[in-house]
Amino acid sequence: YRSRIRFLGPFLALLIPGTIGIAAYLSLRISDSTWSGAVGLIGGYLGAPLLLAVGAPFGERSLYPVAVVASMVLWLLIGMLAARRATRNPFATWAAFWRHYGWMLLGIWVGVAGALVVATVRIGSGIVDW
């Protein structure tokens, strides 16, 4: 059972951010409305947090695929770490894996939200002059 968690854990770690990333991509392709832009931007960052590092949506577009692949590697490493932590206990369970993974996922998403708040304040202060 431990070996299954260690083998499948990294791949299962791609499920949540991958689903959110695909939904974000589809929302940008389906519609040009305000809601699709917000869903696409926030969902894209939650699914591929390294898009922040390349400056999306204002950065070089040719670097977006690199950031998405690097984010996939990040999620695989997070899944590997969660699997390792869950299997330290001889009675390893999938619940333990998801608990460890959930805390790391939440930490990354809080960091993304913080970066979005900072970017909004910085960009907003340049646009709106109070």
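What follows is a conversation between a trainee and a mentor about a predicted model and the reasons behind the words used for it.

Trainee: Before we look at single residues, which helices and strands does the chain have, and how are they ordered?

Mentor: The chain has 5 helices and 0 strands, and its pattern, read along the sequence, is α-α-α-α-α. The C-alpha trace spans about 60 × 30 × 25 Å along its principal axes, and the chain exposes about 8,400 Å², of which carbon and sulfur atoms supply 72%.

Trainee: Why is Ser-27 called buried?

Mentor: Ser-27 has a relative accessibility of 7%, and buried means under 20%, so Ser-27 counts as buried. Ser-27 is found in helix H2, which covers residues 15–30, and buried residues make up 31% of the 130 residues in the chain.

Trainee: What makes the approach of the Ser-27 side chain to the backbone of Ala-24 a polar contact?

Mentor: The side chain of Ser-27 reaches the backbone oxygen of Ala-24 at 2.8 Å, and a polar contact needs a pair of N or O atoms within 3.5 Å, one able to donate a hydrogen and the other to accept it, so the distance meets the cut-off. The side chain of Ser-27 also reaches the backbone nitrogen of Gly-40, at 3.4 Å, which again is within 3.5 Å.

Trainee: Which residues does Ser-27 touch, if those up to four places away in sequence are not counted?

Mentor: Ser-27 touches Trp-35, Ser-36, Val-39 and Gly-40, and to be in contact means to have heavy atoms within 4.5 Å.

Trainee: Ser-36 appears in that list, so why is Ser-36 called buried as well?

Mentor: The relative accessible area of Ser-36 is 1%, and the limit for buried is under 20%, so Ser-36 is buried. Ser-36 is found in helix H3 and, leaving aside neighbours within four places in sequence, is in contact with Ser-27, Leu-28 and Ser-31.

Trainee: How do you know that the side chain of Ser-36 makes a polar contact with Ser-31?

Mentor: A polar atom of the Ser-36 side chain lies 3.0 Å from the backbone oxygen of Ser-31, and because the cut-off is 3.5 Å, the pair falls within it. For the C-alpha atoms of Ser-36 and Ala-24, which are 12 residues apart along the chain, the separation is 7.9 Å.

Trainee: What makes up the lining of the largest pocket?

Mentor: The largest pocket has a volume of about 700 Å³. Of the 25 residues that line this pocket, the closest to its centre are Tyr-25, Leu-28, Gly-44, Leu-51 and Val-68. The elements that give two or more residues to the lining are H2, helix H3 (34–47) and helix H4 (64–86), and the largest share, 8 residues, comes from H2. By class the lining has 16 nonpolar, 7 polar and 2 charged residues; Gly counts as polar, so Gly-44 belongs with the polar residues of this lining.

Trainee: Which classes of residue line the second largest pocket?

Mentor: The second largest pocket holds about 250 Å³ of space, and of its 13 lining residues the closest to the centre are Tyr-45, Pro-57, Phe-58, Ala-119 and Ile-123. Its lining has 11 nonpolar, 2 polar and no charged residues, and H5 gives the most to this lining, with 5 residues.

Definitions and conventions: Residues are numbered from 1 along each chain as its sequence is written. This is a predicted model: local features need pLDDT of at least 70, side-chain atom pairs count only at pLDDT 80 or more; totals for chains, interfaces and linings use all residues. Side-chain values use heavy atoms; hydrogens and water are left out. Helices (H or I, at least four residues) and strands (E, at least two) are DSSP runs, numbered from the N terminus. Buried means under 20% relative accessible area, exposed over 50%, partly exposed in between (1.4 Å probe, protein chains only). Accessible areas come from the Shrake-Rupley method with a 1.4 Å probe; for residues, only the protein chains shown count as cover. On a 1 Å grid over the protein atoms alone, a cavity is a set of points where a 1.4 Å probe fits but cannot get out, and a pocket is an open set with protein on both sides within 12 Å along at least five of seven lines; lining residues have an atom within 4 Å of a point. Grid points are joined across faces, edges and corners, and a volume is the space filled by probe spheres set on the points.
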